Structure formats: structure tokens, C-alpha cells
Amino acid sequence: MSNALVYCSFDQGRDGVPAGAEEVLTLARKLAAARGVDLDWLVLGAKPAQVDAIAAKHGVAHVDHVDDAKLSGSQPDALVAAVQGYCAEHQPGFVLMTQTFDARLVAPRCAARLGAGVVMNAVDIEGKDSGVQVTATAYGGDTRVEYVVDGAAVIGVVADPLLPEAASEPSSTESRSISVDLSGTSERIRTVQEASIEGPRLEEAQVIVAGGRGLQESENFKMVEDLAEALGGMAGASRPIVDDGWTDSSHQVGLTGKITRPVLYLAAGISGASQHMVGCAAAKTLVAINTDADAAIFKYAQYGIVGDCLEVLPALTKAVKGG
Ligand SMILES: Cc1cc2nc3c(=O)[nH]c(=O)nc-3n(C[C@H](O)[C@H](O)[C@H](O)COP(=O)(O)OP(=O)(O)OC[C@H]3O[C@@H](n4cnc5c(N)ncnc54)[C@H](O)[C@@H]3O)c2cc1C
């Protein structure tokens with residue numbers, strides 16, 4: 001398998017393009033150039049309007065679109081069959097996916113069907129002989145591990161904030177409609193219950209005010225919500241306070257929560273554990289409020305307030321409201 005390198009995306013949430021797709025495309029483009037192969041983008045299911053523009057910006061040679069009713073929504077069996085059918089025809093050497101929740105189900109199964117290696121949690125990829133060297137996060141994001149995969153590989157890429165979003169040489173991208181026979185595919189995995197998300201999504205928020213255990217008790221999460229509202233943003237949370245039910249899991253930021261990339265991320269009473277920072281380190285500006293001047297979060301923050309968030313949050317809300 002050596003014709004091209006494929007970035008594969010499928011219907012994810014409201015706009016269909018996974019957050020961080022551009023960072024993964026940047027990585028994919030670098031690898032494709034090193035291997036001297038085309039970078040193609042396989043879109044499974046409805047094709048979001050912005051795909052063609054993003055593809056051209058990142059030097060994608062072909063946008064290959066497979067549309068089939070079976071590819072609407074979260075249907076892993078159909079997605080796996082579509083990737084398998086496409087790869088049988090087009091023989092890409094490497095398939096990269098943004099590591100969304102669905103990709104975690106789909107990528108390893110695709111690799112097994114293609115007889116390819118698989119690495120998840122990738123944050124960097126280099127060409128290596130006939131295969132690739134992949135840097136991946138390990139132990140919940142605390143450390144890095146290097147893998148060398150000989151031959152073809154399916155790689156789940158964490159749209160890590162550390163990945164650059166640099167545009168490649170723009171190209172004229174050809175769009176192709178690809179048909180894959182999914183008539184024999186039926187779903188064996190069913191989603192029984194899914195959190196219904198109404199209104200804006202945390203991943204798309206420009207301003208996030210997030211609270212952690214430093215808020216002391218659940219009632220104080222309201223201070224986070226109040227400042228978020230005053231700033232026209234959304235409320236985020238660290239995992240422990242979600243686990244304790246102070247707010248619901250749609251607000252959780254981090255490795256096992258949402259990967260956000262706001263213009264402003266204000267973290268109140270959050271220590272800065274690596275698993276949390278994965279979800280917010282891509283913020284353009286990070287502000288931290290913490291009583292502990294040595295808290296890890298201050299290593300990431302551009303602005304820090306050493307102080308009690310129970311005093312600082314209401315004061316900021318008042319100031320924002322012009323009070
Ligand atoms: C596999 C795995 C996945 C994980 N995924 C996630 C994830 O997705 N998201 C996530 O958040 N965590 C995740 N975690 C948990 C993570 O390791 C941390 O335990 C967690 O982020 C800590 O949350 P915290 O900062 O709110 O609490 P703490 O670590 O308890 O920190 C509280 C902070 O508040 C400060 N503070 C105390 N009082 C005040 C005050 N009055 N004013 C201001 N500051 C104050 C303290 O100095 C401290 O720094 C994961 C862990 C593992 C092992």
C-alpha cells in the first residue's frame with residue numbers, strides 16, 4: 001500500500017469537521033510530502049461545506065466523498081466497512097483519523113481488516129524506512145512513547161494543542177464521489193443513550209470560564225457560570241467536579257472530556273494536571289486563578305492571579321458587567 005496518505009473524517013457533531021482537523025492535516029501533509037505521495041481526504045457521510053476550502057489550504061490532492069444513508073450518525077460497522085472498501089480500491093499506505101470518540105471505535109477495527117498496524121493517541125508522526133515513527137501520549141497524557149510501525153498503519157491522532165495549525169502549500173483539490181458497497185453491512189453496536197447537547201458546544205466556544213475543585217463546593221460553580229455568561233462564553237469544569245456531580249459531563253475539559261481551543265480560557269481553582277491541560281492548552285490566552293503560587297497551571301498560563309477564586313470570580317463578573 002503506497003499510493004497516498006488518507007485523512008479520514010466522518011460526521012462529528014454539528015459541523016461535521018472534527019475540531020483539530022487542520023492540525024492533523026498539517027501532520028498528514030508533512031508525512032505525505034516526506035513519502036512523496038498525495039494527501040487525500042476521505043469524507044464519510046454528509047460532506048460539510050467547509051471541507052473543500054480546508055482541503056485546498058492544506059495541499060490535499062483529492063477530497064473523496066462516500067455518501068450513503070448508512071454513514072449518517074454514529075454507525076461504526078458502516079464506517080469500518082466504508083474505510084475497508086475504500087482502502088481496498090485506493091491502497092493508501094497510511095490512514096490518519098482525528099481521535100474523536102467514534103474514531104476510537106473505528107480505527108483499530110479498520111487496521112485489523114486492512115492487516116495494518118495501529119497506533120492511537122498519536123501527537124507526532126515521521127516517515128521511517130517503509131513505515132512510520134509515531135510519538136503517542138501514554139499513561140493518561142503524563143508521558144510520551146515512540147512506536148515504529150513497519151508498513152501500513154492506521155493512526156488515531158489526538159488533535160494535541162502542541163500540533164501546529166500551519167497551512168501547507170495551497171493546492172487545487174479535486175473532489176471525487178466514491179461509491180463503496182455497504183449493502184451487506186448491519187450495525188452490531190448500538191448507542192443506547194447519548195447526552196443531548198443543545199445550544200453551543202464547548203469545543204467551539206471562544207471564551208471558556210472553567211472551575212475545579214478549588215471552588216470548594218458545588219454551589220460555587222454558579223460563580224463560574226456567572227462570569228462565563230457575563231463574558232458571552234461557556235462554563236467548563238475539571239473532571240473531579242463533574243464526577244462529583246457539580247455539573248454535567250458536557251462541561252468536562254480534558255483528556256476524557258472536551259478538547260477546546262478558545263480565544264480565552266480562564267481556569268479557576270484548577271491545579272493544571274496534564275489530563276486537564278490536554279483539553280485547554282490550545283487556548284490563545286490562558287488565565288489561571290489559584291491560591292497556590294506553585295500550582296502547575298501557572299506554567300501554562302499567560303496571566304496568573306494568586307488568590308481565592310471565590311473572591312476573584314465575583315469581582316471579575318462585577319467588573320465585566322461594569323459594576
Ligand atoms: C486517565 C485519566 C484521565 C483524566 N481525564 C481528565 C480530564 O479529562 N479532565 C480533567 O480535568 N481531569 C482529568 N483527570 C484527572 C486529573 O488527573 C486531575 O486529577 C484533575 O484535573 C484535577 O482537578 P482539579 O484541578 O479541579 O483538582 P485539584 O487537583 O484538587 O486542584 C484544585 C486546585 O485548586 C486550588 N485551590 C484550592 N482552593 C482554592 C481557592 N479557594 N481559590 C483558588 N484556587 C484554589 C488548589 O491550589 C489546587 O491547585 C484524568 C485522570 C486520569 C488518570
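Threonine 247 counts as buried because its relative accessibility is 11%, where buried means under 20% relative accessible area, exposed over 50% and partly exposed in between, with a 1.4 Å probe and protein chains only. This threonine 247 sits in the loop between helix 6 and strand 12 (264–268); helices (H or I, at least four residues) and strands (E, at least two) are DSSP runs numbered from the N terminus. Neighbours within four places in sequence aside, threonine 247 is in contact (heavy atoms within 4.5 Å) with Phe221, Ala237, Ile241 and Val242.

The model is predicted, so local features need pLDDT of at least 70 and side-chain atom pairs count only at pLDDT 80 or more, while totals for chains, interfaces and linings use all residues. Residues are numbered from 1 along each chain as its sequence is written, and side-chain values use heavy atoms, with hydrogens and water left out.

Turning to the interior, the largest nonpolar core has 31 residues; a nonpolar core is a set of buried Ala, Val, Leu, Ile, Met, Phe, Trp, Tyr and Cys residues joined through side-chain atoms within 4.5 Å. Those with the most contacts inside this core are Leu5, Trp41, Leu96, Ile125, Val132 and Ile155. Elements that each supply at least two residues of the core include strand 1 (4–10), helix 1 (21–35) and strand 2 (38–44), and helix 1 gives the most, with seven residues. A second, separate core of 30 residues includes Leu44, Ala81, Val154 and Leu182. As for tryptophan 41, the residues that it touches, not counting those up to four places away in sequence, include Tyr7, Leu25, Ile54 and His62.

Helix 3 (residues 76–90) offers a neat check on geometry: at 1.5 Å a residue, its 15 residues should span 21 Å, and its end C-alpha atoms are 21 Å apart, which agrees. The expected span is 1.5 Å times one less than the number of residues. Among the buried residues of helix 3 are Leu79, Val83 and Tyr86, and what covers the buried residues includes strand 3 (62–66), helix 4 (101–114) and strand 9 (174–177). Just after helix 3, glutamine 91 takes a positive phi of about 50°.

The second largest pocket has a volume of about 430 Å³. Of its 25 lining residues, the closest to its centre are Arg213, Ser238, Pro240, Ile270 and Ser271. On a 1 Å grid over the protein atoms alone, a pocket is an open set of points where a 1.4 Å probe fits, with protein on both sides within 12 Å along at least five of seven lines, and lining residues have an atom within 4 Å of a point.

Notes:
Grid points are joined across faces, edges and corners, and a volume is the space filled by probe spheres set on the points.
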